[in-house]
Amino acid sequence: MIESALTHLECTRCSAMLDADVEQHSCACGGPLRGRYDLEKAARTLTPQAIEERPADLLRWGELLPLRAPHEMATLGERETPLLALDRTSAALDIAHLVVKDESRLPTGSFKARGAAIGVSRARELGIRTFTLPTNGNAGAAWAAYAARAGMQAHVVMSRDAPPIHRRECAMAGAEVHLVDGSIADAGRLSADLSKSHGWYDASGQREPYRIEGKKTMGFEIARALGWRLPGVIVYPTGGGLGFIGIHKAFEELQALGFVGPDLPRFVAVQSSGCAPLVRAWHDRSDSAAEWANPRTIAYGINVPKTLGDFLVLDILRTTNGTAIAVDDSHIATMREQVGREEGILLCPEGAATLVAAQELRKSGWIRAGERVLAMNTGSGLKYS
Ligand SMILES: *Cc1c(COP(=O)(O)O)cnc(C)c1O
Ligand SMILES: [Zn+2]
């Protein structure tokens, strides 16, 4: 049986070490927490060959996941997602090697299933029965579904402006939906209040240490699918930034295991020009991002005006020689049509945003001729049709 090599949680600000086997949210200093592993122990059983012999599910990476009882994991049949080559679109964009990792086919229609499968399962292991989280939609849908699967109660807080389909997805999975006027930042404030007043587990993005461990499997899968040769550039639609941080964490762990070489891809954080707090902070050379006033974009998954992970995203941009770029909603809509027509792929707006960014960065020369570029389609385009 595969055994988790999780040893403790570490604060991303002050490096304090915390016990991973009791309920934890943030460090006393306010910093988000990260799972840390005994990588030498993991390497004894997690070998490239062992990986090939295992089913292509999340537990394939079980040594580097936090579940102590993996056989009890709440699962809806998550499977490795494919890298799709975009032959016509890459020619149109003048990018020689362009692939999209297509997360649309995961349960509940987005990569949020990865974080929810691991986060909900880990919470149940720790004795949690009821939790609350703020969402723009996809995280709520995923956490609601996995809560039902695990026999737990979810409370989901979202903006009245969130696409109605997400509200229905959560309700259909038996979650209690709380609506707020305002953005996901306002939803976050109400969710934190509900957690305090009712004693519900706070499962909000950066106050729940384990969803990122599920999300990092995107990075493991990318590395394996490319024969342990990482691409030159990774383009990610960034809201809270957890997927972005997770993919980077995966690559660092694979480097420590010796599966991949010392060069990391250059990371690109893509936002919409209607909500671009991280892009603004990047251009201001700041190491934190102030809340964006009046956030507004059709790419609802990245309509996030403020994230506690801001300093981590900005740090990854700096250390990988990456960049942050804002794209217009009108270009997102055009790109969805182009890729639908040329490739038969119905992207979500967030996914289309990554291709608009790739196009603009190629035009400016930031992406060099011949560079291998990986873009992320983070969710199903069907939710937006
Ligand atoms: C949540 C979400 C994002 C943003 O992901 P983060 O990792 O939170 O930055 C992007 N696209 C879609 C479809 C989402 O649901
Ligand atoms: Zn700390």
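Start by selecting Arg362 and Asp94, which form a salt bridge with their closest N and O atoms 3.3 Å apart. The two ends come from distant parts of the chain, 268 residues apart: Arg362 sits in helix α14 (residues 349–363), while Asp94 belongs to the loop between α3 (87–93) and β5 (97–102). Colour Arg362 by accessibility and you will find this residue buried, with a relative accessible area of 15%. Keep in mind throughout that you are looking at a predicted model.

**More salt bridges**

The count of salt bridges comes to 29, and a few more deserve a stop. Select Asp102 and Arg105, whose side chains meet at 2.7 Å, N to O. What is the relative accessibility of Asp102? At 5%, Asp102 counts as buried, whereas Arg105 is exposed, with a relative accessible area of 51%.

Next, pick Lys306 and Asp310, another salt-bridged pair, at 3.6 Å from N to O. Lys306 counts as partly exposed at 36% relative accessibility, and Asp310 counts as buried at 4%. While salt bridges are on display, add Asp21, Arg68, Arg122 and Glu125, which are joined into one network by salt bridges that share partners.

**Along helix α12**

Asp310 leads you straight into the next stop, being one of the buried residues of α12. Select residues 310–319 to show this helix, which is mostly covered: seven of its 10 residues are buried. Which residues of α12 are buried? Besides Asp310, they are Phe311, Leu312, Val313, Leu314, Ile316 and Leu317.

Now bring up the surroundings. The cover over these buried residues includes two helices, α10 (242–257) and α11 (277–283), and the strands β3, β11 (266–272) and β12 (323–327). Past the helix, click on Asn321, which follows α12 and has a positive phi, near 55°.

**Two buried charges without a partner**

Which side chain of opposite charge is nearest to Glu342? Select Glu342 in helix α13 (residues 329–343) and look for Arg341, which is 4.9 Å away. A salt bridge here needs a nitrogen-to-oxygen distance within 4 Å, and Glu342, though buried, has none. Leaving aside neighbours within four places in sequence, the contacts of Glu342 are Arg88, Thr89 and Ala92.

Move on to Lys215, in helix α8 (residues 211–215). Lys215 is also buried and without a salt bridge, and its nearest side chain of opposite charge, Glu208, is 8.2 Å away. Show the residues around Lys215, again setting aside those within four places in sequence: Phe111, Lys112, Arg114, Gly115, Leu242 and Gly243 are in contact with it.

**The zinc site**

Now centre the view on the zinc ion (ligand 2). Its protein donors are the SG atoms of Cys11, Cys14, Cys27 and Cys29, lying 2.3 Å from the ion. What geometry does the site of the zinc ion have? It is tetrahedral, with angles of 101 to 119° among the four donor atoms. Along the chain, the donors follow the spacing C-x2-C-x12-C-x1-C.

Trace the backbone between two of these cysteines. Cys14 is in the loop between β1 (6–11) and β2 (17–18), and Cys27 is in the loop between β2 and β3 (33–37), so the pair ties together parts that are 13 residues apart in sequence. Is each of the two buried or partly exposed? Cys14 is partly exposed, with a relative accessible area of 43%, whereas Cys27 is buried, at 9%.

**Strand β13**

Select Val373, placed in strand β13 (residues 372–377). This valine counts as buried at 2% relative accessibility. Not counting residues up to four places away in sequence, Val373 touches Ile95, His97, Leu98, Val99, Val233, Val235 and Ile367. For a sense of scale, draw a line from the C-alpha of Val373 to that of Thr130: they are separated by 41 Å, and the two residues are 243 apart along the chain.

**Zooming out to the domains**

Finish by colouring the chain by its domain assignment. Domain 1 takes in 6–69 + 111–202, and domain 2 takes in 83–105 + 216–384. How far apart do the C-alpha centres of domain 1 and domain 2 lie? The distance is 22 Å. To see where the domains meet, display the 35 residues of domain 1 that are in contact with 30 residues of domain 2.

Conventions
Residues are numbered from 1 along each chain as its sequence is written. Chains are lettered from A and ligands numbered from 1 in the order in which they are written. This is a predicted model: local features need pLDDT of at least 70, side-chain atom pairs count only at pLDDT 80 or more; totals for chains, interfaces and linings use all residues. Side-chain values use heavy atoms; hydrogens and water are left out. Donors are N, O and S atoms within 2.8 Å of the metal (3.2 Å for Na, K and Ca); water is not among the atoms, so sites may look incomplete. Four donors count as tetrahedral if all angles lie between 85 and 135 degrees; four count as square planar and six as octahedral if opposite donors are over 155 degrees apart and all others between 65 and 115; anything else is irregular. Helices (H or I, at least four residues) and strands (E, at least two) are DSSP runs, numbered from the N terminus. Buried means under 20% relative accessible area, exposed over 50%, partly exposed in between (1.4 Å probe, protein chains only). Lys and Arg count as positive and Asp and Glu as negative; His and the chain ends are not counted. Contact means heavy atoms within 4.5 Å. Domain bounds come from an automatic or database domain assignment.
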